[in-house]
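Trainee: Could you walk me through how to read a structure like this one?
Mentor: Sure, let's open it up.

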Amino acid sequence: MTYVFTPPAVVAVPVANSEEKVAVRRVYCVGRNYAAHAIEMGFDPNREPPFFFCKPADAVVPVAEGEVYAFPYPSATHNLHYEAELVAVIGKSGANITVENALDHVWGYAVGLDMTRRDLQMKMREMGRPWEIGKAFDYSAPMGPIYKASEIGHVTEGAIWLTVDGAERQRSDINKLIWSVAETVAYLSTLFKLEPGDLIFTGTPEGVGAVERSQQMRVGVEGLADLVVDVK
Ligand code: MN
């Protein structure tokens, strides 16, 4: 059997301190998962069920530790926003996972950016249309190496921050997630069967804003290597 077209390359994210990589299967993103960010986006921060959107697997750009990724400024926007996020990596398949068992399905963690064409997202939101053109564009999910939970433990607290040209724009703590990683995995698994290689961008804290060409973003989660991205 031959393919009519050459199959696309597998997108694979390096594992920190290892020669191994994780092949990306699906990319799930949680919306409004820090109260102060929900408020800045004009929403009630009270706990309502989490909601999700997806990015294509090939929107992920793996960025090695110490590497600076040159992110191409996307087309059709005049308001490109950064969103610093903790990424949870699924390592064990499952559906209808309980909160108690959820972390057994999380293999590792990484630092990620949910890059967003905010103007297009808002326009689609106002029109009640899907968010893809605002969220799921090419290269919209740069991320750092994956740290094994078996080595660093589960990331349930610790600082998360983002700077632009050295100036701090976002700072919060993972313990301020409205829906914790375990709760998010459990809830998401009632909607989709999770499989190894699925990524969950867990949401961004307050302080989102625009970046321009020639600016540099540095994203950190305590205990993980910084992710550094230049906007080109
Ligand atoms: Mn986000």
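Mentor: Start with a term: buried means under 20% relative accessible area, exposed means over 50%, and partly exposed lies in between (1.4 Å probe, protein chains only). This is a predicted model, where local features need pLDDT of at least 70 and side-chain atom pairs count only at pLDDT 80 or more, while totals for chains, interfaces and linings use all residues. Residues are numbered from 1 along each chain as its sequence is written, and side-chain values use heavy atoms, with hydrogens and water left out.

Trainee: Which residues are the protein donors of the manganese ion?
Mentor: Donors are N, O and S atoms within 2.8 Å of the metal (3.2 Å for Na, K and Ca); water is not among the atoms, so sites may look incomplete. Here the protein donors are Glu-83 (OE), Glu-85 (OE) and Asp-114 (OD), lying 2.0 to 2.1 Å from the manganese ion. Glu-85 sits in strand β8 (residues 84–90) and Asp-114 in the loop between β9 (106–113) and β10 (116–117), so this pair, 29 residues apart, links distant parts of the chain. Strands (E, at least two residues) are DSSP runs, numbered from the N terminus.

Trainee: Are Glu-85 and Asp-114 buried or exposed?
Mentor: Both Glu-85 and Asp-114 are buried.

Trainee: How many disulfides does the structure hold?
Mentor: A disulfide is a covalent bond between the sulfur atoms of two cysteines. The cut-off used is a pair of cysteine sulfur atoms within 2.5 Å, and the structure holds 0 disulfides. Take Cys-29: the nearest cysteine sulfur, that of Cys-54, is 7.2 Å away. Cys-29 counts as buried because its relative accessibility is 0%. Cys-54 is partly exposed, with a relative accessible area of 39%.

Trainee: Which strand holds Asp-230, and what does its side chain contact?
Mentor: Asp-230 is found in strand β18. Asp-230 is buried yet has no salt bridge, meaning a side-chain nitrogen of Lys or Arg within 4 Å of a carboxyl oxygen of Asp or Glu. The nearest side chain of opposite charge, Lys-232, is 4.4 Å away; Lys and Arg count as positive and Asp and Glu as negative, with His and the chain ends not counted. The side chains of Asp-230 and Gln-216 do share a polar contact of 2.7 Å. That term covers a pair of N or O atoms within 3.5 Å; within protein, one must be able to donate a hydrogen and the other to accept it, and residues adjacent in sequence count only if both atoms are side-chain atoms.

How values were computed:
Helix = DSSP H or I, 4+ residues; strand = E, 2+ residues; numbered from the N terminus.
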